[in-house]
Amino acid sequence: MTSKKMFSGGWFCAMLGILLLIGNTAYSQRSVTNYMTKYKPTAIRIMNETGIPASVILGVAMLESGMGTSKNAKYLHNHFGIVGRNTLHKKKGVTYRSRYKEFASSEASFDYFANMVKKKKWFPMLKGNTEYKLWLKHMNHGGYSSAGHEWVKRVTSMISRYKLYKLDEHMAYTGS
């Protein structure tokens, strides 16, 4: 095949598209792996301290932070889309503005999320329960996300796709 035929027949564009797709998928998978490696221990620690399934903690964080790539996760250490105060306007060189809460660290964001969930009236009934769909249902009805059932579907998809429910099998929550 001559180069003229290759370019005119669309082969070049098709091959370029395939290569870009493969490269993007590899980057995306690396992002997921890195995020899970970094925050899985935090989610498990919180699960064992509070009785909130690690799958729920990590699934919500992965969705809300775009696997840690969102501006809120990068600049504010906010992995859960929690609204509140921040000091972005005081930082030099940062032109990003946000209505989301700033945390001292990503782990502080995870801890805040857990404390927020623990304050819900349905929490005592669910703590220690590993049925993530039940947790998401109660969080949705409690107004955690304005996206409603679509949010539940997306978090459920994250948990299923990355088999996060396996983290819950070793819950060592003793209750208190």
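Me: What share of the protein's contacts with a separation of 6 or more comes from residues 24 or more positions apart?

Reply: Start with the term: a contact means heavy atoms within 4.5 Å. Here, residues 24 or more positions apart account for 59% of the contacts with a separation of 6 or more. Keep in mind that this is a predicted model, where local features need pLDDT of at least 70 and side-chain atom pairs count only at pLDDT 80 or more, while totals for chains, interfaces and linings use all residues. Residues are numbered from 1 along each chain as its sequence is written, and side-chain values use heavy atoms, with hydrogens and water left out.

Me: What does pLDDT average in this protein?

Reply: pLDDT is the predictor's confidence in each residue, from 0 to 100. The protein averages 85, and 81% of the residues score at least 70. Be careful with residues 23–27, though: pLDDT stays under 50 there, and the model has 0 contacts for them beyond four places in sequence.

Me: How many helices and strands are there?

Reply: Both are DSSP runs, numbered from the N terminus: helices are H or I with at least four residues, strands are E with at least two. This protein has 8 helices and 0 strands, so reading along the sequence gives α-α-α-α-α-α-α-α.

Me: What span should helix α8 have?

Reply: The expected span is 1.5 Å times one less than the number of residues. Helix α8 covers residues 149–161, so its 13 residues should span 18 Å. Its end C-alpha atoms are 18 Å apart, which agrees. Just after α8, Lys163 takes a positive phi of about 55°.

Me: Which residues of α8 are buried?

Reply: Buried means under 20% relative accessible area, exposed means over 50%, and partly exposed is in between (1.4 Å probe, protein chains only). In α8, the buried ones are Trp151, Val152, Val155, Thr156, Met158 and Ile159. Looking down the axis, the buried residues of α8 fall within an arc of 155°, so they line one face of the helix. That arc is taken from the directions from the helix axis to the C-beta atoms. They pack against α3 (54–65) and α7 (132–141). His149 and Lys153 are on the other side of α8 and are exposed. Over the whole protein, buried residues make up 38% of the 176 residues.

Me: How many salt bridges does a search of the whole structure find?

Reply: You look for a side-chain nitrogen of Lys or Arg within 4 Å of a carboxyl oxygen of Asp or Glu. The search finds 4. One of them is in α8: Glu150 pairs with Lys153, their closest N and O atoms being 3.5 Å apart. These two are 3 residues apart in the helix, which means about one helical turn separates them. Glu150 is partly exposed at 35% relative accessibility, whereas Lys153 is exposed at 55%.

Me: Which residues are joined into one network by salt bridges that share partners?

Reply: Arg45, Glu49 and Asp111. Glu49 and Arg45 come within 3.2 Å, N to O, and they sit 4 residues apart in helix α2 (residues 11–50), about one helical turn. Asp111 meets Arg45 at 2.9 Å, N to O. Asp111 lies in helix α5 (residues 106–118) and Arg45 in α2, so this pair ties together parts that are 66 residues apart in sequence. Arg45 is partly exposed, with a relative accessible area of 31%, and Asp111 is partly exposed too, at 28%.
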